[in-house]
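Please explain how this chain is put together, beginning with the overall pattern and the sheet and ending with the contacts between aromatic side chains.

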Amino acid sequence: MKKMLILIGALCITSLGFAKMNDGVYKSEAKDFDKRGWKVFLDLTVKDGKIESANFDYINKDGKLKSEDVEYNKKYKEISKIDVPELKEIFSEELVNTQNPDEIDNVAGATESLVQFKLLSKEAIIASESGIKEPVKIDL
């Protein structure tokens with residue numbers, strides 16, 4: 001309950017534009033693995049009150065990253081014309097440049113990933129503003 005009140009308060013402050021991000025690494029992730037066995041996560045690094053980097057990826061129960069799964073990325077790129085390593089780079093670069101997940105442009109073939117990235121980014125930003133160091137778990 002206390003954590004929920006902190007997040008609600010941080011959300012109110014954020015929406016008014018008063019909150020400052022605290023330096024550090026803030027993590028957000030899905031509560032559960034998806035039906036294909038992947039759990040999406042984001043590690044957001046804040047330095048000097050600004051987003052310095054965002055590491056977005058998926059991990060399976062064996063601890064393997066989707067961005068490093070060569071076979072998966074080959075198939076994904078054939079269908080979507082983009083792969084997970086490219087998505088990671090685009091999303092991170094745009095978030096660092098804009099400092100706002102809502103300003104990230106759509107990427108053809110990656111709508112679901114972008115929605116997940118934006119949700120995870122917003123939660124990590126709220127955590128950084130509130131100083132919450134433990135990973136924030138969200139329903140996706």
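The paragraphs below go from the chain as a whole to its sheet, then to the helices on the sheet, and finally to the aromatic rings.

The model is a predicted one, and its confidence is a sensible place to begin. The mean pLDDT of the chain is 89, with 87% of the residues reaching 70 or more. Over residues 12–16, however, the pLDDT is below 50, and in the model this stretch has 4 contacts beyond near neighbours in sequence. The secondary structure consists of 4 helices and 4 strands, which follow one another along the sequence in the pattern α-β-β-β-α-α-α-β. Of the 140 residues in the chain, 41% count as buried, and among contacts with a separation of 6 or more, 51% are between residues 24 or more positions apart.

The strands form an open sheet in the order 3-2-1-4, and the pairing within this sheet is mixed. Strand 3 (50–60) and strand 4 (136–138) each have a single partner strand and therefore stand at the edges, with one side of each left without a neighbour in the sheet. Neighbouring strands are turned against each other by 20° on average, direction ignored.

Within the sheet, strand 1 (residues 24–30) pairs with strand 2 (residues 38–47) in the antiparallel sense over 6 bridges, and in this pairing E29 stands opposite F41 of strand 2. Strand 2 also pairs with strand 3, again in the antiparallel sense, over 10 bridges, and here L42 has F56 in strand 3 as its bridge partner. The hairpin of strand 2 and strand 3 has 2 residues between the strands, and D48 in this hairpin takes a positive phi near 55°.

Two of the helices can be placed relative to this sheet. Helix 4 (residues 111–130) lies across strand 1, strand 2, strand 3 and strand 4, and runs at about 45° to strand 2. Turning back to the pairing of strand 1 and strand 2 over 6 bridges, we can add that helix 3 (residues 84–98) packs on the sheet, where this helix touches strand 2 and strand 3 and its direction makes about 155° with that of strand 3.

The aromatic side chains add a further level of detail, since a search of the whole structure finds 6 aromatic pairs. One of them joins F56 and F117 in an edge-to-face arrangement, with 5.2 Å from centre to centre and 90° between the planes. This pair links distant parts of the chain, as F56 belongs to strand 3 and F117 to helix 4, 61 residues apart. Both F56 and F117 are buried.

How are the rings of Y72 and Y76 arranged, stacked or edge-to-face? Their centres are 5.7 Å apart and their planes stand at 20°, which is under the 30 degrees required, so the pair is stacked. Y72 and Y76 are separated by about one helical turn, because they are 4 residues apart in helix 2 (residues 70–80). Y72, at 25% relative accessibility, counts as partly exposed, whereas Y76, at 16%, counts as buried.

Ring pairs also link F56, Y58, F91 and F117 into a cluster. Y58 has a charged residue at its ring as well, for K66 lies over the face of Y58 at 3.9 Å from the ring centre. Elsewhere, the charged end of K39 sits over the ring of F33, 4.8 Å from the centre of that ring.

How values were computed
Residues numbered from 1 in each chain as written. Predicted model: local features only at pLDDT ≥ 70, side-chain atom pairs only at ≥ 80, totals over all residues. Heavy atoms only, no water. Pairing = 2+ DSSP bridges. Axes fitted to C-alpha atoms, helices over the stretch in contact; angles between N-to-C directions. Contact = heavy atoms within 4.5 Å. pLDDT = per-residue confidence, 0-100. Phe/Tyr/Trp six-rings, centres within 6.5 Å; stacked < 30°, edge-to-face > 60°. Buried < 20%, exposed > 50% of the residue type's maximum accessible area, 1.4 Å probe, protein only. Lys NZ or Arg CZ within 6 Å of the ring centre and 35° of its normal.
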